[in-house]
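Biologist: I'm new to this one. Please take me through it piece by piece.

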Amino acid sequence: MVARIYKPSRNAMQSGVGKTRLWVLEYEPEHARMVEPLMGYTSSADMRSQIRLTFETKEEAVAYAQKRDIPFQVFEPHETGRRRMAYSDNFAFTRVGQWTH
C-alpha cells in the first residue's frame with residue numbers, strides 16, 4: 001500500500017493559511033468504497049484509509065516512511081503568489097480598468 005506525502009492546500013473558502021503548514025502522510029485507498037444498499041451509507045473495509053499523520057517538515061515524513069519500510073510518493077506544494085492590495089487601491093487614479101458609479 002503506497003502512502004502519499006504532501007502539504008495540503010487551502011480550499012476555495014479560505015483566505016488564510018490555517019491547516020496548510022504541516023506535511024501530511026496518508027495511505028492511498030486500496031479498495032473502492034462500497035454503498036450499503038439499505039441505508040445508502042458509503043463505507044470501506046480499508047482500515048489504513050483512516051490514518052493521517054502530520055509532520056513539521058517533509059524530511060521528517062520521508063524518514064518516518066523509510067524507517068517503517070512504507071512505499072511513498074512525495075507531492076511538492078504549488079506555492080501561490082499573494083498580492084497585497086489596500087482598499088484605497090480601488091479608487092486610485094492609476095487603476096487599470098474603469099470605475100463605474
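Biologist: Which strands are part of what covers the buried residues of helix 1?
Modeller: Quick ground rules: this is a predicted model, where local features need pLDDT of at least 70 and side-chain atom pairs count only at pLDDT 80 or more, while totals for chains, interfaces and linings use all residues. Residues are numbered from 1 along each chain as its sequence is written, and side-chain values use heavy atoms, with hydrogens and water left out. Helices (H or I, at least four residues) and strands (E, at least two) are DSSP runs, numbered from the N terminus. The cover over the buried residues of helix 1 includes strand 1 (3–6), strand 2 (23–27), strand 5 (52–55) and strand 6 (72–75).

Biologist: And which residues of helix 1 are the buried ones?
Modeller: Buried means under 20% relative accessible area, exposed over 50%, and partly exposed in between (1.4 Å probe, protein chains only). Helix 1 spans residues 58–67, and its buried residues are A61, V62 and A65.

Biologist: Why do they sit on the same side of helix 1?
Modeller: Look at the directions from the helix axis to the C-beta atoms. A61, V62 and A65 share a side because they cover an arc of only 95°.

Biologist: What exposed residues does the opposite face carry?
Modeller: Turn helix 1 away from its buried side. The exposed residues on that face are E59 and K67.

Biologist: How many residues make up the largest nonpolar core?
Modeller: A nonpolar core is a set of buried Ala, Val, Leu, Ile, Met, Phe, Trp, Tyr and Cys residues joined through side-chain atoms within 4.5 Å. Here the members are A3, I5, W23, L25, Y27, F55, A61, V62, A65 and I70. Strand 1, strand 2 and helix 1 each supply at least two of them. The full count is ten.

Biologist: What does P77 touch, leaving out residues up to four places away in sequence?
Modeller: P77 lies in the segment after strand 6 and is partly exposed, at 26% relative accessible area. Its C-alpha atom is 9.8 Å from that of W23, though the two are 54 residues apart along the chain. Counting heavy atoms within 4.5 Å as contact, P77 touches K7 and W23.

Biologist: What is the phi of D69?
Modeller: Most residues other than glycine have a negative phi. D69, in the loop between helix 1 and strand 6, is exposed at 69%. Its phi is positive, near 55°.

Biologist: And what is the phi of K19?
Modeller: K19 is in the loop between strand 1 and strand 2, and counts as exposed at 81% relative accessibility. Its phi is also a positive value, near 60°.
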